[in-house]
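Take a moment to look at the protein below. Turn it around on screen, and keep the sequence at hand as you read.

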Amino acid sequence: MRIGILGSGLMGGKLGTIFARAGHEVVFSYSRDEKKLVALAREAGKNARAGTPAEAVRDADAALLALHWSRVDDVLKKAGDVSGKVIVTCSLPMNADDTDLVVAHTSSGAEELARKVPKGRIVSAFGTVPSEVLFTVFEKRRSKKRPSLLYSGDDSKAKSVAVQLIRDVGFEPVDAGPLRIARYTEPFTLLVAQLAYEGNAGPAMAYRFLFFDETLS
């Protein structure tokens with residue numbers, strides 16, 4: 001597939017590199033330093049190049065939105081018409097100093113993005129995993145036991161694109177349901193990121209998702 005990367009920081013840079021190494025055509029875009037985009041493309045390999053947001057979404061099968069919430073409007077303006085495009089977002093709706101979610105409980109960043117791009121096909125994915133583990137997961141992607149990764153969305157075709165990308169990175173995709181589920185996963189994403197940054201100094205946490213058939217209850 002052709003993948004446009006809108007936001008080439010830690011998450012966008014790593015996922016874009018992995019997508020390119022998995023065989024997809026990748027365009028890195030939207031950085032304060034154009035040299036960084038060129039360096040990312042060089043490191044990602046022959047399937048990657050640097051470009052503008054408009055070039056990244058042009059002819060793209062999907063775009064990855066991976067940047068600070070304060071810059072979403074700007075990158076969408078520079079990307080131009082994204083009607084009908086699959087947009088996979090892992091951007092958290094954080095305030096300016098990254099101390100709190102500015103959207104929570106009754107909505108989510110993914111849902112707000114869908115309102116900003118009413119004809120876009122939005123899928124929330126990749127937010128529930130710290131960027132630090134992405135390369136390790138990719139290197140072990142051929143193992144039988146894969147870590148799970150939640151995704152949500154309202155467009156079935158868009159979700160199928162996300163499923164392929166999730167598997168290409170090395171995760172087992174778990175359909176969490178409609179896009180509104182992102183309002184519950186985004187606070188969890190923030191918690192996981194905080195624990196990852198604290199490392200051994202933070203509390204230990206174990207979690208597990210169980211699905212029950214209603215007929216068994």
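The paragraphs that follow go from the whole fold to its sheet, its helices and its cores.

Start with the whole. The model is predicted. The protein has eight helices and eight strands. It counts 217 residues, and 50% of them are buried. Now consider contacts between residues with a separation of 6 or more in the sequence. Residues 24 or more positions apart account for 69% of these.

Next, find the sheet. It is open and holds eight strands, in the order β3-β2-β1-β4-β5-β6-β7-β8. The pairing is mixed. Which strands lie at the edges? They are β3 (48–50) and β8 (172–175), and each of them pairs on one side only. Neighbouring strands in this sheet are turned against each other by 25° on average, direction ignored.

Walk across the sheet, starting at β1 (residues 2–6). Strand β1 pairs with β4 (residues 62–65) in the parallel sense, over four bridges. Here Ile-5 has Leu-64 of β4 as its bridge partner. Then comes the pair of β4 and β5, again parallel, with three bridges. In this pair, Ala-63 stands opposite Ile-87 of β5. To get from β4 to β5, the chain crosses through helix α4, and this β-α-β crossover is right-handed.

Pause at β5 (residues 86–89). In a regular strand, side chains alternate between the two faces of the sheet. Look for that pattern here. Val-86 and Val-88 are on one side of β5, Ile-87 and Thr-89 on the other. Are these four residues buried or exposed? All are buried, and both faces of the strand are covered.

The next step leads to β6 (residues 121–125). Strands β5 and β6 are parallel and share four bridges. Ile-87 has Ile-122 of β6 as its bridge partner, and Thr-89 stands opposite Ser-124. Strand β6 is mostly covered: four of its five residues are buried. Between the two strands comes helix α5 (residues 109–116), and β5, α5 and β6 make a right-handed β-α-β unit. Helix α5 packs on the sheet and touches β4, β5 and β6. The direction of α5 makes about 165° with that of β6.

One more step brings a change of sense. Strand β6 pairs with β7 (residues 148–153) in the antiparallel sense, over three bridges. Ser-124 also has a bridge partner in β7, namely Ser-152.

Now turn to the helices. In α4 (residues 72–79), the residues Val-72, Val-75, Leu-76 and Ala-79 are buried. How are they placed around the helix? Seen down the axis of α4, the buried residues fall within an arc of 100°, so they line one face of the helix. What covers them includes β1, α3 (53–57), β4 and α5. Just after α4, Gly-80 takes a positive phi of about 85°.

Helix α3 deserves a look too. Ala-54 is in this helix. Its relative accessible area is 26%, so Ala-54 is partly exposed, given that buried means under 20% and exposed over 50%. Leaving aside neighbours within four places in sequence, Ala-54 is in contact with Lys-78 and Ala-79. From Ala-54 to Val-75 is 21 residues in sequence, yet 9.1 Å in space, C-alpha to C-alpha.

Compare helix α2 (residues 34–44), where Leu-37, Leu-40, Ala-41 and Ala-44 are buried. Down the axis of α2, these buried residues fall within an arc of 95°, so they line one face of the helix. They pack against α1 (10–21), β2 (25–29) and β3. The face turned away from the buried side carries the exposed residues Lys-35 and Arg-42.

Finally, look inside. The largest nonpolar core has 37 residues, and Phe-19, Phe-28, Leu-64 and Phe-126 touch the most other members. Helix α7 (residues 156–169) gives the most to this core, with seven residues. Apart from it lies another core, of 21 residues, including Val-27, Val-72, Ile-122 and Leu-179. Return to Phe-126 in the largest core. Beyond its neighbours within four places in sequence, Phe-126 is in contact with residues including Met-11, Phe-19, Leu-64, Val-88 and Leu-165.

Note on methods:
Residues are numbered from 1 along each chain as its sequence is written. This is a predicted model: local features need pLDDT of at least 70, side-chain atom pairs count only at pLDDT 80 or more; totals for chains, interfaces and linings use all residues. Side-chain values use heavy atoms; hydrogens and water are left out. Buried means under 20% relative accessible area, exposed over 50%, partly exposed in between (1.4 Å probe, protein chains only). Two strands pair if DSSP finds at least two bridges between them. A crossover is right-handed if, with the strands pointing away from the viewer, the path from the first strand over the helix to the second runs clockwise. A nonpolar core is a set of buried Ala, Val, Leu, Ile, Met, Phe, Trp, Tyr and Cys residues joined through side-chain atoms within 4.5 Å. Contact means heavy atoms within 4.5 Å. Axes are lines fitted to C-alpha atoms, for helices over the stretch in contact, and angles run from 0 to 180 degrees between N-to-C directions. The arc is that of the directions from the helix axis to the C-beta atoms.
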